Amino acid sequence: MVKLNGLNYETETMRSERPVLIGFCSGTAPYEALEALAVDFAPQYKFCAVDVERERELTRHFSILKPPTLILMQEGEIQQRICQIPNTDALKKMLDFN
């Protein structure tokens, strides 16, 4: 999983050939859920994480009011926003659908 910051954001997301799932998190539990998904879906998706405490500019850019929040991007456009990370099964269904 790629940790996003102001320096690598554009390269890792806007120029990605795969859809990008970005997790805006505070604490470790949401990161662990994303890492578990990355095992099954890494070939189809790029997984990225933003620490909302450290990367305040990116957090504001995406209007994240309350972590954890997931953003699914494709070709530089936001496709879906999920406030609160659902359980792993619900996330797997969402990713299988896309």
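In the predicted model, the side chains of Glu 12 and Lys 46 meet in a salt bridge, with N and O 2.8 Å apart. Glu 12 belongs to helix α1 and Lys 46 to strand β3, so the pair ties together parts that are 34 residues apart in sequence. Both Glu 12 and Lys 46 are buried. For Lys 46 the relative accessibility is 14%. The cut-off for a buried residue is under 20%, so Lys 46 falls in that class. Beyond its neighbours within four places in sequence, Lys 46 is in contact with Glu 12, Ser 16, Arg 18, Pro 19, Val 20 and Leu 21.

The structure holds four salt bridges. Side chains of opposite charge can pair when their charged atoms come close. Another of these bridges joins Arg 15 to Glu 10, where the closest N and O atoms are 3.2 Å apart. Arg 15 is exposed, at 56% relative accessible area. Glu 10 counts as partly exposed, at 44% relative accessibility. A further salt bridge links Asp 51 with Arg 54. Here the closest N and O atoms are 3.9 Å apart. A salt bridge requires this separation to be within 4 Å, so the Asp 51 and Arg 54 pair qualifies. Asp 51 is partly exposed, at 26% relative accessibility. Arg 54 is exposed, at 70%.

Strand β3, which holds Lys 46, is part of an open sheet of five strands. The strand order is β1-β3-β2-β4-β5, and the pairing is mixed. Strands β1 (2-3) and β5 (77-83) stand at the edges. Each has a single partner strand, so one side of each is left without a neighbour in the sheet. Strands of a sheet pair through backbone hydrogen bonds, either parallel or antiparallel. Both arrangements are found in this mixed sheet. β1 and β3 pair in the parallel sense over two bridges. The pairing of β2 with β3 is also parallel, over six bridges. By contrast, β2 (residues 20-25) and β4 run antiparallel, joined by five bridges.

Individual residues fix the register of these strands. Cys 48 in β3 has Val 2 standing opposite. Ile 22 also stands opposite Cys 48. In the antiparallel pair of β2 and β4, Gly 23 has Leu 70 of β4 as its bridge partner. Strand β3 (residues 46-51) has five of its six residues buried, so it is largely enclosed by the rest of the structure.

In soluble globular proteins, nonpolar side chains tend to be buried together. The largest nonpolar core in this model has 16 residues. Within this core, Leu 21, Phe 47 and Leu 95 touch the most other members. Elements that give two or more residues to the core are β2, α2 (29-41), β3, β4 and α4 (88-97). Helix α2 gives the most, with five residues. Leu 95 touches Leu 21, Leu 37, Phe 41, Tyr 45 and Phe 47, residues up to four places away in sequence not being counted. A second, separate core has 13 residues. Among its members are Leu 4, Cys 48, Leu 58 and Met 73. Cys 48 is also the residue of β3 that stands opposite Val 2 and Ile 22.

Aromatic contacts complete the description. The structure holds four aromatic pairs. In one of them, the ring centres of Tyr 9 and Phe 62 are 5.8 Å apart. Their planes meet at 75 degrees, so the pair is edge-to-face. Tyr 9 lies in helix α1 (residues 9-14), and Phe 62 lies in the loop between α3 (56-61) and β4 (69-74). The pair therefore ties together parts that are 53 residues apart in sequence. Both rings belong to buried residues: Tyr 9 has 12% relative accessibility, and Phe 62 has a relative accessible area of 4%. Together with Phe 24, Tyr 9 and Phe 62 form one aromatic cluster. Helix α1 thus takes part in two of the links described, through Glu 12 to Lys 46 in β3 and through Tyr 9 to Phe 62 in the loop before β4.

Terms used:
Residues are numbered from 1 along each chain as its sequence is written. This is a predicted model: local features need pLDDT of at least 70, side-chain atom pairs count only at pLDDT 80 or more; totals for chains, interfaces and linings use all residues. Side-chain values use heavy atoms; hydrogens and water are left out. Rings of Phe, Tyr and Trp (its six-membered ring) pair if their centres lie within 6.5 Å; planes under 30 degrees apart count as stacked, over 60 as edge-to-face and the rest as tilted. Helices (H or I, at least four residues) and strands (E, at least two) are DSSP runs, numbered from the N terminus. Buried means under 20% relative accessible area, exposed over 50%, partly exposed in between (1.4 Å probe, protein chains only). Two strands pair if DSSP finds at least two bridges between them. Contact means heavy atoms within 4.5 Å. A nonpolar core is a set of buried Ala, Val, Leu, Ile, Met, Phe, Trp, Tyr and Cys residues joined through side-chain atoms within 4.5 Å.
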